[in-house]
Amino acid sequence: MLYDQTFTSIGDQSRHASLIYCLSQLSINVSEEHSGYFVSESIELIRKYKDKNRERLIVVLEILKFFFQNSLIDFEKFVTEYNYIFIPFLFIENPEMAELVNNLLKALLKTQNKDVCSLYLTSFFSNLHTYLHNNKNAACYGMNQESGLDPYIHILINTLVYGSQEDCNVALDFYLTIFKLVAPSYIIPHSLKLIGPLIRVANYNYPIEIKEKLVRILLSAHKLDIGMKPFEAQLQLTYLRLVKESNGEKQVFR
Amino acid sequence: MLANDELLRKSVFSCFRSLLDKFHDQKPLINLIEPFFQTLASRNENDEDYESLLKVFDELVALESPKITSFLMRTLFVLPLEQYKIEIITNNAASFGMRN
C-alpha cells in the first residue's frame, strides 16, 4: 500500500518525499522475520518496473539502498538470493542509475565477516559471469565511474587472501574481469589494495596453475599501467622465487 | 493530552492506559482517537497546533500498549492515506515496524 501511494505521488514532490522517508524508516525497523517479505516485495517491484517505468524503479532502488545501508539485520540470505537482480543495472548507460546501484551494492555486499566474503564474491561473480556470457561486449558503466569498484574491493581481497584455494581461483578470475571491463583510471585509486594481496598470495603453497594465473594478472596490471611502481622491488623478488619454484619451466614467470 | 505541562500530560496518558486496560473493547480508544483524526484532517503542517496534535499519537505509542499499537496500525494503514497519517507512521516507525 505504501509503495503504491509513493508511486502515485510522484508528481507531488512534498508528499512523495514524505512517503519515501516513511517507507525508509519502516524498512529499517521491520522485524528480521518480516524483512524478507519487504525485500522480496521490493525485488518483485524491480522486476516489474525494470523495463517499464524508470521513475518507479528508482523509488524502489532508493528505498532498498536505504534499507541495506541502515538496517542492522544480517543480509547473508539476501546477498546470495538477489545479487543477480542488480547486475544488469551496472550495464545501463545512465549515471544516476549507475551511482544508485553502486551505493546499493556497496551496502549489500559490506560485511566484517571474513568467512562470508568468499560466499558473497563467488555468488556475485558467478552471476556477473553469466550476464557477460549472455551479453557479450556489454560495457559496464557501473564499474567505470568514481567509486565504481568500491562495492567489491573488500570481499575480493578477503576472498583472495583468506579464502580456500578454490575461492582464490574465483577471486583471480574476478581480477581478470575487472581488468577487462574497467578503464585503468578507475582501477588506479585501488591499486595499492589490489596489488599487494596478489604478491602475498604468490607466496602461498598453491599449485603452479594458480600462480601462473596470478602472474598473468600482474602482467596485465603492468600493461594497463595501474600504479605498479611501489611494488617493483617486491615483484622482482616474487618473480625470481616463482621461476625457481617452477624450475624455470613456466614461460610466464620468465 | 494537549497540555504544555509535560508531567501533567504524561500522567494523563498513563491514566488513560490504565483505564483502557479495564475495558475489553476498544470504545475508549475510538472515542479518544477519532476526534483527533478529524481535527488533523482539517489541518496542515503550517497550523499552530499541528505538531502538538501529532505528538498525542507519539505519546500513545510510547505507552507500549499492544492494544493501542494494533488499533493505530489498523486505522493508519488504510486508504485514503492522508498526510497526517504518513507523519504519525514515520514518527513511530520503530514501534509499527516491529509489529508489521
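These are my notebook entries on a predicted model with chains A and B.

**Entry 1: nonpolar core**

I began with the hydrophobic interior. The largest nonpolar core has 120 residues. I looked up which of them have the most contacts inside this core, and the list is Ile46(A), Leu64(A), Phe68(A), Phe86(A), Phe57(B) and Leu60(B). I then took Phe86(A) from that list and asked what it touches beyond four places in sequence. Its partners are Ile43(A), Ile46(A), Leu61(A), Leu64(A), Phe68(A), Val101(A), Leu104(A), Leu105(A) and Leu108(A). Ile46(A), Leu64(A) and Phe68(A) thus appear both as partners of Phe86(A) and among the residues with the most contacts in the core.

**Entry 2: cysteines**

I checked for disulfides and found zero over all chains. I noted the accessibility of two cysteines. Cys22(A) is buried, at 0% relative accessibility. Cys15(B) is exposed, with a relative accessible area of 52%. I return to Cys22(A) in the entry on Thr90(B), since Thr90(B) is in contact with Cys22(A).

**Entry 3: salt bridges**

I counted ten salt bridges over all chains and went through three of them.

I looked up Asp150(A) and found it in a salt bridge with Lys106(A), with the closest N and O atoms 3.6 Å apart. Asp150(A) belongs to helix H8 (residues 150-162) of chain A and Lys106(A) to helix H6 (residues 95-108) of chain A, so this pair ties together parts that are 44 residues apart in sequence. Asp150(A) is partly exposed at 25% relative accessibility, and Lys106(A) is partly exposed at 40%.

The second is between Arg216(A) and Glu212(A), at 3.1 Å between the closest N and O atoms. Both residues sit in helix H12 (residues 208-224) of chain A, and their spacing of four residues is about one turn of the helix. I recorded Arg216(A) as partly exposed at 44% relative accessibility, whereas Glu212(A) is buried at 16%.

The third is in chain B, where the side chains of Lys10(B) and Glu59(B) meet in a salt bridge at 3.3 Å, N to O. This pair links distant parts of the chain, with Lys10(B) in helix H1 (residues 6-22) of chain B and Glu59(B) in helix H3 (residues 50-62) of chain B, 49 residues apart. Salt bridges that share partners join Arg9(B), Lys10(B) and Glu59(B) into one network. As for accessibility, Lys10(B) is partly exposed at 42%, and Glu59(B) is buried with a relative accessible area of 8%.

**Entry 4: Ala98(A)**

I looked up Ala98(A) and placed it in helix H6 of chain A. Is Ala98(A) buried or exposed? It is buried, with a relative accessible area of 1%. Setting aside neighbours within four places in sequence, I listed its contacts as Tyr141(A), Gly142(A) and Gln145(A). I also checked Ala98(A) against Cys117(A): they are 19 residues apart in sequence and 23 Å apart in space, C-alpha to C-alpha. Helix H6 of chain A also holds Lys106(A), the partner of Asp150(A).

**Entry 5: contact between the chains**

I turned to where chain B meets chain A. Chain B brings 15 residues to the contact and chain A brings 14 residues. Between them the two chains bury about 1,300 Å², 70% of it on carbon and sulfur atoms. Leu81(B), Ile86(B) and Thr90(B) supply 32% of the area that chain B buries against chain A, more than any other three residues.

I looked for polar links next. I found zero salt bridges between chain B and chain A, and two residue pairs in polar contact. On the side of chain B that touches chain A, helix H5 (83-91) and helix H6 (93-99) of chain B each supply at least two residues. The largest share of that side, five residues, comes from H6(B).

**Entry 6: Thr90(B)**

I followed up Thr90(B), which lies in helix H5 of chain B. What does its side chain reach? The side chain of Thr90(B) reaches the backbone oxygen of Ile86(B) at 2.7 Å. Thr90(B) is buried, with a relative accessible area of 13%, and the cut-off for buried is under 20%. Leaving aside neighbours within four places in sequence, I found Thr90(B) in contact with Ser18(A), Tyr21(A), Cys22(A) and Gln25(A).

Definitions and conventions. Residues numbered from 1 in each chain as written. Chains lettered and ligands numbered in written order. Predicted model: local features only at pLDDT ≥ 70, side-chain atom pairs only at ≥ 80, totals over all residues. Heavy atoms only, no water. Core = buried A, V, L, I, M, F, W, Y, C linked by side-chain atoms within 4.5 Å. Buried < 20%, exposed > 50% of the residue type's maximum accessible area, 1.4 Å probe, protein only. Contact = heavy atoms within 4.5 Å. Disulfide = S-S within 2.5 Å. Salt bridge = Lys/Arg side-chain N within 4 Å of Asp/Glu carboxyl O. Buried area = accessible area lost by both parts, 1.4 Å probe. Polar contact = N/O pair within 3.5 Å; in protein donor to acceptor, adjacent residues only side chain to side chain.
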